[in-house]
Amino acid sequence: MNVSCLQENLAKGLAIVGRAVATRSPLPVLSNVLLATDQGRLKLSAMNQEIGIVHWIGCKVESEGEVTVLARLLGEFIGSLPNERVDLQLDKEELTLHLTCGRYQANVKGIAAEEFPPIPLGEGDPTLVLDAALLRESIEQVAMAAASDDPRQYLQGVAVIIESDKVVLVASDGFRMAVRTLAVESGVSEKTEFIVPARSLTELSRILTDSEHPVEIRLTQNRNQVIFSTGDIHLVSRLIEGTFPNYTQMIPADHQTEIQVSTLDLMQSARMASYFARDGANVIKLEVTPDDEKGNLTITATATELGDNRSDLEAQVKGEETLIAFNARYLLDCVDAINSPDVRIELTGSTSPGVIRPTDDTDYVHVIMPMHTVR
C-alpha cells in the first residue's frame with residue numbers, strides 16, 4: 001500500500017471511526033483501525049462488540065494494500081501533524097506502516113488485515129431514507145430515556161417502528177418514556193420493528209452533526225444488525241433481541257389538569273430547583289393552582305440540612321388543583337429536548353404519570369412517573 005492524503009481529512013476520519021474502537025477486547029485487532037485502499041479512496045474501519053464504523057476519505061493511491069494499526073497511537077500521531085500531505089507506505093513483510101508528513105516520520109507496527117472481522121455494508125435498496133438533521137434531533141429527544149444499565153436488555157435500547165407512513169422512535173427506562181414520531185412519504189408495506197442500543201444511536205447522532213446527506217437505513221439479511229449510511233460514513237450496530245412493550249398503552253388517554261407554561265421559564269426554574277433536589281433524593285415538586293385569569297405553577301425543592309428553593313411561574317391552567325413530584329433529572333432532560341416556546345403538562349393527580357408535550361408539535365411526547373413524597 002502506498003497512498004497520500006491530507007492530514008486534516010485523515011485526522012477527521014480517524015476521529016470518526018475511533019468512536020467504535022474496542023477499549024477492552026480479547027482480540028487485540030479490535031484495538032486497531034483498518035486502513036485499506038478501496039476504489040481510489042482510503043477506507044478506515046473500526047469495530048467493537050456493539051458497533052462498527054466505516055469511513056472513506058479521498059486520497060491518491062499509488063499501490064493497493066491494507067493493514068490494521070493501533071487506533072489510539074495512529075490517531076494521536078496524525079492529529080499532532082501539520083495540515084499537510086501525509087504519505088503512508090506499507091512494508092508487507094514487516095507489517096509496518098511508514099508515515100511521512102513534512103519533516104515528521106514514524107513507523108507503526110500492525111496486525112494483518114485478514115484478522116480484522118468483516119463489517120457488513122448492506123446491499124440493495126434501503127429499508128428507509130430519513131433526513132439527517134431530523135433523525136439526529138429525534139435521537140437526542142428519545143435516546144436519553146433509555147436505561148443505562150438494566151437486566152431487561154430491551155430497556156437499554158430504542159425501539160424503531162416503521163410503518164407505511166411513519167417511523168416511531170421509543171425509549172423507556174421503566175420510570176420515563178420518550179416517543180418521537182416522524183412522518184415519511186414511503187415507509188414499508190409490512191410493519192417492521194427492531195431495537196437499537198441507545199449507545200449506538202448516540203454515536204450516530206454525533207456522526208450526523210455535520211452530515212448534509214440523507215440517512216439510508218438497512219437491516220442485514222439475518223436481521224441481527226442495522227446499517228446506517230450517510231455520505232461516506234457507514235455505522236453498523238447489533239440489534240437487541242426481545243419485544244418492546246406497547247408504548248401506546250403507557251401514555252395516559254386523558255387527564256384532569258392541563259398546564260401551559262414557557263419552556264424557558266420551566267427549564268430555568270427546574271434547573272435551580274435541581275441544585276437543592278440533588279441533596280434531597282433528587283425530588284422537585286410541581287404545585288398547580290388554577291385561576292380564572294392566569295393560574296400559577298410553583299416549583300419547589302428541599303434539602304433538609306441545606307435549605308430550599310421556590311419559583312412561581314405564570315401559566316395557563318385548566319382543571320383541578322394538584323401537586324406532583326418528579327425526578328429532577330428526568331424533568332430537565334425532557335424539557336431540554338423540547339424546541340417549542342411553550343410546553344404542555346398533563347396531570348391526573350399525584351400518583352399518576354405526567355405527560356409533557358410541546359404545545360406546537362404533536363410528534364413528541366414524554367411520560368414521567370411521579371415520585372412519592374410527603375406533602
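Which strand holds Phe326? Phe326 sits in strand β23. The model is predicted. The domain assignment splits the protein into domain 1 (2-115), domain 2 (128-248) and domain 3 (251-368). The points below take up the surroundings of Phe326, helix α6, the contact between domain 2 and domain 3, helix α4 and a few loop residues.

**Phe326 and strand β23**

- Phe326 has a relative accessible area of 0%, so this residue counts as buried.
- Phe326 and Ile284 lie 42 residues apart in sequence, yet their C-alpha atoms are 5.6 Å apart in space.
- Ile284 is also among the contacts of Phe326, once neighbours within four places in sequence are set aside.
- On that basis Phe326 also touches Asn282, Val283, Leu286, Leu347 and Gly354.
- Ile368, Met369, Pro370 and Met371 are in contact with Phe326 as well.

**Helix α6 and its cover**

- Helix α6 covers residues 328-336.
- Its buried residues are Ala328, Tyr330, Leu331, Leu332, Cys334 and Val335.
- Helix α5 (263-277) is part of what covers these buried residues.
- The cover also includes the strands β13 (176-183), β19 (283-289), β23 (322-327), β25 (354-358) and β26 (364-368).
- Asn327 caps the N-terminal end of α6.
- In this cap, a side-chain oxygen of Asn327 lies 2.9 Å from the backbone nitrogen of Arg329.

**Ser274 in helix α5**

- Ser274 belongs to helix α5.
- Buried or exposed? Ser274 counts as buried, because its relative accessibility is 11% and the cut-off for buried is under 20%.
- A polar atom of the Ser274 side chain lies 2.5 Å from the backbone oxygen of Arg271.
- Beyond residues up to four places away in sequence, Ser274 touches Ile284, Ala328 and Leu332.
- Two of these partners, Ala328 and Leu332, are buried residues of α6.

**Domain 2 against domain 3**

- The centres of domain 2 and domain 3, taken over C-alpha atoms, are 28 Å apart.
- Contact involves 13 residues of domain 2 and 13 residues of domain 3.
- Together the two domains bury about 1,200 Å² between them.
- Carbon and sulfur atoms give 49% of that area.
- On the side of domain 2, Gln141, Arg176 and Met177 lose the most area to domain 3.
- These three residues together make up 43% of what that side buries.
- One salt bridge is counted between domain 2 and domain 3.
- The side chains of Arg176 and Asp333 meet in a salt bridge, with N to O at 2.9 Å.
- Nine residue pairs are in polar contact between the two domains, both residues at pLDDT 80 or more.
- Helix α3 (132-142) and strand β13 each supply at least two residues of the side of domain 2 that touches domain 3.
- Strand β13 gives the most to that side, with six residues.
- By type, the residues on that side are six nonpolar, three polar and four charged.

**Helix α4**

- Helix α4 (residues 198-207) is largely enclosed by the rest of the structure, because seven of its ten residues are buried.
- The buried residues are Ala198, Ser200, Leu201, Glu203, Leu204, Ser205 and Ile207.

**Glu50 in a loop**

- Glu50 lies in the loop between β3 (41-47) and β4 (51-58).
- With a relative accessible area of 13%, Glu50 is buried.
- Neighbours within four places in sequence aside, Glu50 is in contact with Pro197, Arg199 and Ser200.
- Val236, Ser237 and Arg238 are further contacts of Glu50.
- Ser200 is one of the buried residues of α4.

**Positive phi values**

- Most residues other than glycine have a negative phi.
- Leu95 has a positive phi, near 50°.
- Leu95 is placed in the loop between β7 (85-91) and β8 (96-101).
- Leu95 counts as partly exposed, at 26% relative accessibility.
- Arg223 also has a positive phi, near 60°.
- The loop between β15 (215-219) and β16 (225-230) holds Arg223.
- Arg223 counts as partly exposed, at 49% relative accessibility.

Note on methods:
Residues are numbered from 1 along each chain as its sequence is written. This is a predicted model: local features need pLDDT of at least 70, side-chain atom pairs count only at pLDDT 80 or more; totals for chains, interfaces and linings use all residues. Side-chain values use heavy atoms; hydrogens and water are left out. Buried means under 20% relative accessible area, exposed over 50%, partly exposed in between (1.4 Å probe, protein chains only). Helices (H or I, at least four residues) and strands (E, at least two) are DSSP runs, numbered from the N terminus. Contact means heavy atoms within 4.5 Å. A polar contact is a pair of N or O atoms within 3.5 Å; within protein, one must be able to donate a hydrogen and the other to accept it, and residues adjacent in sequence count only if both atoms are side-chain atoms. Domain bounds come from an automatic or database domain assignment. Buried area is the accessible area (1.4 Å probe) that two parts lose on being put together, summed over both. A salt bridge is a side-chain nitrogen of Lys or Arg within 4 Å of a carboxyl oxygen of Asp or Glu. Ala, Val, Leu, Ile, Met, Phe, Trp, Tyr, Cys and Pro count as nonpolar, Asp, Glu, Lys and Arg as charged, and the others, Gly among them, as polar.
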